[in-house]
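Welcome! Let's take a walk through a protein model and see how its pieces fit together. Have the picture ready as you read.

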Amino acid sequence: MGSQSDWETMRHAVSVLEALDIAHEVRIVSAHRTPDRLAEYARAAAARGLSVIIAGAGGAAHLPGMCAAWTILPVLGVPVESHALKGMDSLLSIVQMPGGVPVGTLAIGKAGATNAGLMAASILALNDSALSGRLSAWRQAQTEAVADSPSR
Ligand code: RP5
C-alpha cells in the first residue's frame with residue numbers, strides 16, 4: 001500500500017488472505033515518496049517467489065501502475081477512497097493504464113480490497129487444489145450466510 005493511511009482499506013484484503021491461509025507479506029511502498037523502494041520491490045518480486053501483487057493507493061494512485069511497469073507478475077490495483085474526490089481520482093489513476101502494461105483494477109474501497117484478496121486466491125488456486133477447495137468453501141459459507149428475508 002502507498003501509505004499507512006491505506007491500511008484501513010487494505011486490511012480487508014489481508015483478512016481474506018488470512019482466512020484462506022495464503023502466505024503473504026504487507027508493505028508500505030509509495031510510488032512518489034519512496035520511488036526507489038518501489039522499483040526494488042517490484043523488480044525483485046518474482047525472483048523472491050511472489051506470485052501476485054495487490055497494490056492499493058489513493059489520490060494520484062500511481063503505485064499499481066508503476067508496480068506493473070517493473071514486473072510481469074499479475075498486479076491487482078485497489079483504489080483507496082480519497083477525502084477530496086471519494087476515490088474517483090484513485091480509480092481513474094489505476095484503471096486507465098496504457099495498452100501493454102495491465103493492472104487488474106478492483107472497486108473503490110473495502111469491496112475492492114476484499115475482492116483483490118479473492119481474485120489473488122482465484123489466480124493462485126489455478127495451481128493449488130487445496131486452496132481451490134478452501135476458496136470454494138469460503139464462497140459457499142458466504143452464500144449460506146445470506147438470509148432469505150431482512151431482519152426488521
Ligand atoms: C497515496 O496518497 C497513498 O496511497 C494514500 O492513499 C494517499 C494519501 O497518503 P497520506 O498523505 O495519507 O500518507 O500515495
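## Helices H1 and H5

We begin with two helices, H1 (residues 7-19) and H5 (residues 110-125), whose axes come within 7 Å and cross at roughly 30 degrees. Angles under 35 degrees count as roughly parallel, so H1 is described as roughly parallel to H5. The crossing of H1 past H5 is right-handed. Keep in mind that you are looking at a predicted model.

Which residues meet here? On the H1 side they are Thr9, Met10, His12, Ala13, Val16 and Leu17, and on the H5 side Lys110, Ala113, Thr114, Ala116, Gly117, Leu118 and Ala121. Sorted by class, the contact of H1 with H5 has eight nonpolar residues, four polar ones and one charged one.

## Helices H5 and H6

H5 also packs with helix H6 (residues 129-144), at an angle of about 145 degrees and with the axes 8 Å apart. Here the crossing is left-handed. From H5, the contact uses Ala121, Ser122, Leu124 and Ala125, while H6 brings Leu131, Ser132 and Leu135. Five of these residues are nonpolar and two are polar, with no charged residues in the contact of H5 with H6.

Try finding Ala121 in your picture: this residue of H5 takes part in the contact with H1 and also in the contact with H6.

## Helices H2 and H3

Now turn to helix H2 (residues 35-45) and helix H3 (residues 63-70). Their axes come within 8 Å and cross at roughly 50 degrees, which makes H2 oblique to H3. How is this crossing handed, left or right? The crossing of H2 and H3 is right-handed.

Leu38, Ala39, Ala42 and Arg43 are the H2 residues in this contact, and they meet Leu63, Met66, Cys67 and Trp70 of H3. The contact of H2 with H3 counts seven nonpolar residues, no polar ones and one charged one.

## Around the ligand

Which residues are found around the ligand? They are Gly2, Ser3, Ser5, Asp6, Ser30, Ala57, Gly58, Gly59 and Val80. By class, this shell has two nonpolar, six polar and one charged residue.

The UniProt record, an unreviewed entry, gives the feature "binding site" at Ser3, Asp6 and Arg33. These positions are spread over 31 residues of sequence, yet they cluster in space, with a largest C-alpha distance of 14.3 Å. Two of those names, Ser3 and Asp6, also appear among the residues around the ligand. As for where Asp6 sits along the chain, it lies in the segment before H1.

## The chain as a whole

Finally, step back to the wider view. UniProt, in an unreviewed entry, lists residues 1-146 for "domain: PurE". Over residues 1-146, the chain is 49% helix and 10% strand. The end C-alpha atoms of this stretch are 31 Å apart.

Conventions: Residues numbered from 1 in each chain as written. Predicted model: local features only at pLDDT ≥ 70, side-chain atom pairs only at ≥ 80, totals over all residues. Near = placed C-beta within 6 Å. Nonpolar A, V, L, I, M, F, W, Y, C, P; charged D, E, K, R; others polar. Axes fitted to C-alpha atoms, helices over the stretch in contact; angles between N-to-C directions. Helix = DSSP H or I, 4+ residues; strand = E, 2+ residues; numbered from the N terminus. Parallel < 35°, antiparallel > 145°, perpendicular 65-115°, else oblique. Left-handed = near helix turned anticlockwise from the far one by under 90°. Contact = placed C-beta atoms within 7 Å. UniProt positions renumbered as here; feature names shortened; annotations may be inferred.
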